[in-house]
Amino acid sequence: MSLATPAPDTTATATTAPVLDVVVPVYNEENDLAPCVRKLHTHLTQRFPHSFRITIADNASTDGTAEIADALADEMSEVRAVHLAQKGRGRALKAVWSSSDAAVLAYMDVDLSTDLAALPPLVAALSSGHSDIAIGSRLARGARVVRGPKREFISRCYNVILRSVLAARFSDAQCGFKAIRADVARGLLPHVEDTGWFFDTELLVLAERAGLRIHEVPVDWVDDPDSRVDLVSTAIADLKGIARLLRGFASGAVPIAELRVRLGRAPLEQPQPGVPAGLLTQLVRFGAIGVVSTLAYLVLFLLLRGGIGAQAANLVALLVTAIANTAANRRFTFRVRGAAGAVRHQFEGLIVFGVGLGLTSASLVLIQQVTAPGGHAEIVAVVLANLAATVLRFLLFRNWVFRTRIR
């Protein structure tokens, strides 16, 4: 649907699909539902220049929420109520988004902790074609947040886990303020399994792995002191969800390659002459993996040196870290997924390992000729030689081992 028409049109008829469908998932929210929907309706009527719909997704409420939702739908033509027999925010969002005829799909929590002024920028990034998913972020620069230290600490820790374990680049997975293009949703939703609070994270991780662009909008956010979210059970469910995703990626059960082909953005067509595509990103990731590998190598070398000698300790430590280094760079630096070519890459990585072994072994021989074995000079020599081998490893990885993938 074209979104170029500037004239306001805030009604969606039976024959005309709305531009925006905002879903408000609720469970036992009879006190907050009506004020939330009326405030949201007023805001969209006055400030949103296109047609819209507000969908109340009642997921198995046991209080008066369902009746209030139906009354609001009767009162305002742009409001509809959907009732689900099972509980779960993710289940509610998936059900409504999958059947919606709107061009842009969004959702927000019923407590309206996020300032509604962030909604137009959220939708604009999608309607312009710039981005595929837009999220409100409480951790992005420019955000203003009022909440207690406990929730702040948990949110920051969760963000660190996502970045370190799933290599996520978005800053805030669980802010209840998101939007997605309908065509993107149709491609991603069948692969999102979670029906609860992890739904957001799973959707974003799949989108990022598929090569979609995620736009972040800094928000003003005030914590709801009456929030009924069980932080402990939610945290446990999130950790289980992360483990499930890791298994799916490792086994190929999650078809990331297929999603990337169908949904991902096309590569840049005309890279600048003389500037290798992705070189800076690869250098940063390779450097981070290299630092970890060097530290792991040094620890193993020091642990083994006293029992099996310097040369044997160097061989074992370098072999273990080289195998792990090749696997990590294959996945994160050069973005090679799946089992295809993995054996060949490890074999070629072992050849690169042989070059590194030669450098560090030669450094040990030279340093032991001029100093006593086991001194600080020996440690310095092997560290410097290992760093030199790391630089050489990057060049060989990029220009030989993973060269086909880069092309």
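**Two cavities in a predicted model**

Ser-293, Thr-294, Tyr-297, Leu-318, Thr-321, Ala-322, Asn-325, Asn-386 and Arg-393 form the lining of the largest cavity. The model shown above is a predicted one. In total, it contains 2 cavities of 30 Å³ or more, and each can be followed from its volume to the residues around it.

The largest cavity encloses about 50 Å³ of space. To find this cavity in the structure, the reader may look for three helices: helix 10 (279-308), helix 11 (310-333) and helix 13 (376-401) each contribute at least two residues to its lining. Of the elements involved, helix 11 contributes the most, namely 4 residues. The chemical character of this lining can also be described by class: 5 of its residues are polar, 3 are nonpolar and 1 is charged.

Attention may now turn to the second largest cavity, which holds about 40 Å³ of space. Its lining consists of Trp-97, Tyr-107, Ile-133, Lys-178, Ala-179, Ile-180, Phe-199, Asp-200 and Leu-203. Two or more of these lining residues come from strand 7 (177-181), and two or more come from helix 7 (199-209). When sorted by class, the lining of the second largest cavity comprises 7 nonpolar residues and 2 charged residues, with no polar residues.

The two linings may finally be set side by side. Around the largest cavity there are 5 polar residues, whereas the lining of the second largest cavity has none of that class. Helices 10, 11 and 13 each supply at least two residues to the former, while a strand and a helix, strand 7 and helix 7, each give two or more to the latter.

Definitions and conventions:
Residues numbered from 1 in each chain as written. Predicted model: local features only at pLDDT ≥ 70, side-chain atom pairs only at ≥ 80, totals over all residues. Heavy atoms only, no water. 1 Å grid on protein atoms, 1.4 Å probe; cavity = no way out; pocket = protein on both sides within 12 Å on 5 of 7 lines; lining within 4 Å. Points joined across faces, edges and corners; volume = space filled by probe spheres on them. Nonpolar A, V, L, I, M, F, W, Y, C, P; charged D, E, K, R; others polar.
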